[in-house]
Amino acid sequence: MTGIKLSWPKNYNEVPKEAFVREDIYAEEVKRIFHGTEWHPIAHESELPNAGDFKTYRLSGVPLLIGRDVEGVVRVFYNACSHRGNQLETAVMGNKTEFECPYHRWLFDSKGNLAGCPNPREFLPGFNKADYPLAQPRFDSFLGLFSSRSHQKPSHYWHILEIRRIRCANC
Ligand code: FES
C-alpha cells in the first residue's frame, strides 16, 4: 500500500491487529478495493424475481438502487436524485414502477428516466427532462449475479468466472 507502513509479525499467518483498526489502512482499502477496478457482488437475480422489484444497497458507502424495470430488465442506479442528489429510495426492498424523490418530488420511472417534476413552469427555458436521468454505475451480470465496478479495467476475478462459464458451456 502506498505510503502505509505496517510491521508484519515473524509468522506470516498472523495478521497484525492494527490492520483491522487503522483508519489510514481502511481508507486505502476503500479506495483501492471497493472504489477501485474490482467487481463486487451487489445482488442476485433471485432477489428481484418480478418487474418492479427493487433493493437498495451500499457498496462501501456508495448508495445503489437495483431494480427490475417494467420490461423485466435489471438496472442499477446510484440511489441519488438527479436534481440535488437527495437519497431517492429509503426502503431496503420492495416493488415499485416509479420512484419519487422525497425532497422536491421529482418522479423517475423504473428505467431511470425523469418522468415528471412539479411546477415545470418555474424552470429555465430549455429545461428538458431527458437531460436528468438517474446516473448509473457500470454493472454487469453473470449467472444471475449482478456486480458493479467503478472503472472499465477488466477484473481478473471476472475473467476467471468468464473462462469457467465458457468451459461449462463446452462440457
Ligand atoms: S433533490 Fe430530488 S427532487 Fe430535488
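Asn 119 is exposed, with 8 other C-beta atoms within 10 Å. I should say at once that this is a predicted model. The residue sits in the loop between β8, residues 114-116, and β9, residues 138-142. Its backbone is worth a look: phi of Asn 119 is near 55°, a positive value, and the residue is not a glycine.

There is a second case of this kind. Ser 60 is not a glycine either, and its phi is positive, about 50°. Where is Ser 60 placed? In the loop between β2 and β3. Is Ser 60 buried or exposed? The count is 11 other C-beta atoms within 10 Å, and a residue with 12 or fewer is called exposed, so Ser 60 is exposed.

Now to the strands on either side of that loop. Strand β2 covers residues 53-59 and strand β3 covers residues 62-68. How many bridges do β2 and β3 form in their pairing? Six, and the sense is antiparallel. To find one position in the pair, take Thr 56, which stands opposite Leu 65 in β3.

These two strands belong to an open sheet of four, whose order is β4-β3-β2-β5, with antiparallel pairing. Which strands are at the edges? They are β4, residues 74-78, and β5, residues 93-95, and each of them pairs on one side only. On average, neighbouring strands of this sheet are turned by 25° against each other, if direction is ignored.

To go back to the loops once more: Ser 60 lies between β2 and β3, and Asn 119 lies between β8 and β9.

Notes: Residues numbered from 1 in each chain as written. Predicted model: local features only at pLDDT ≥ 70, side-chain atom pairs only at ≥ 80, totals over all residues. Pairing = 2+ DSSP bridges. Axes fitted to C-alpha atoms, helices over the stretch in contact; angles between N-to-C directions. Buried ≥ 20, exposed ≤ 12 C-beta atoms within 10 Å, placed from the backbone.
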